[in-house]
Amino acid sequence: NPDFVANREPYRGSPILLAFENFGCGSSREHAVWALMGMGVRAVIAPSFGDIFFANCFQNGLLPVRLPIEEVRRIAEETETSPANARTTVDLERQVVVT
């Protein structure tokens, strides 16, 4: 679908996916994680995750990052306001998300 946000520039190929509450709920198979990784996603930032999806992320090398909904919305707003200049980094060693 060319209109899907992840298929449009500058978001195409982004290694970080922003999501909302209970992301991955109902994804009891690893295929959901594999599909995201196949798209180049390496981290998903959301306020909460489905339990099985969350566990499958760790088992398959996809990093699920829990942040309060207000922070996820702030990052989304920054990205939507200036997509060409928006940069988000997940620093796993320091355990922080930098925008």
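A nonpolar core, as I use the term today, is a set of buried Ala, Val, Leu, Ile, Met, Phe, Trp, Tyr and Cys residues joined through side-chain atoms within 4.5 Å. Keep that in mind. And note that this is a predicted model.

So, the cores. The largest nonpolar core has 11 residues. They are A19, V33, L36, V41, V44, A46, F49, F53, F54, C57 and L62. Which elements give two or more residues to it? Three do: helix α1, residues 31-38; strand β2; and helix α2, residues 51-60. The largest share is from α2, with 3 residues. In general, nonpolar side chains in soluble globular proteins tend to be buried together.

Take L62, one of the core residues. Leave out residues up to four places away in sequence. L62 then touches V33, L36, M37, V41, R42, A43, V44, F53 and C57. There is another core, lying apart from the largest one. That one has 7 residues, including A43, V65, V72 and I75.

Next, the sheet. It is open, with 3 strands in the order β1-β2-β3, and the pairing is parallel. Which strands are at the edges? β1, residues 16-18, and β3, residues 63-66; each pairs on one side only. From one strand to the next, the twist averages 20°. Look at β1 and β2. Strand β2 covers residues 43-46, and 3 bridges join β1 to it. L18 stands opposite I45 of β2.

Now the cysteines. How many disulfides does a search of the whole structure find? The count is 0. C25 is in none, and its nearest cysteine sulfur, on C57, is 13 Å away. A disulfide needs the two sulfur atoms within 2.5 Å, so a pair at that distance does not count. Are these two residues buried or exposed? C25 is exposed, at a relative accessible area of 54%. C57 is buried, at 0%. C57 is also a member of the largest core.

One last residue: N56. It sits in helix α2. Why does N56 count as buried? Because its relative accessibility is 8%, and the cut-off for buried is under 20%. What is N56 in contact with, leaving aside its neighbours within four places in sequence? The list is S27, S28, R29, E30 and V33. V33 is on the list for the largest core too.

To recap. The sheet is open and parallel, with 3 strands. The largest core has 11 residues, and α2 gives the largest share. The disulfide count is 0.

How values were computed. Residues are numbered from 1 along each chain as its sequence is written. This is a predicted model: local features need pLDDT of at least 70, side-chain atom pairs count only at pLDDT 80 or more; totals for chains, interfaces and linings use all residues. Side-chain values use heavy atoms; hydrogens and water are left out. Buried means under 20% relative accessible area, exposed over 50%, partly exposed in between (1.4 Å probe, protein chains only). Two strands pair if DSSP finds at least two bridges between them. Helices (H or I, at least four residues) and strands (E, at least two) are DSSP runs, numbered from the N terminus. Axes are lines fitted to C-alpha atoms, for helices over the stretch in contact, and angles run from 0 to 180 degrees between N-to-C directions. Contact means heavy atoms within 4.5 Å.
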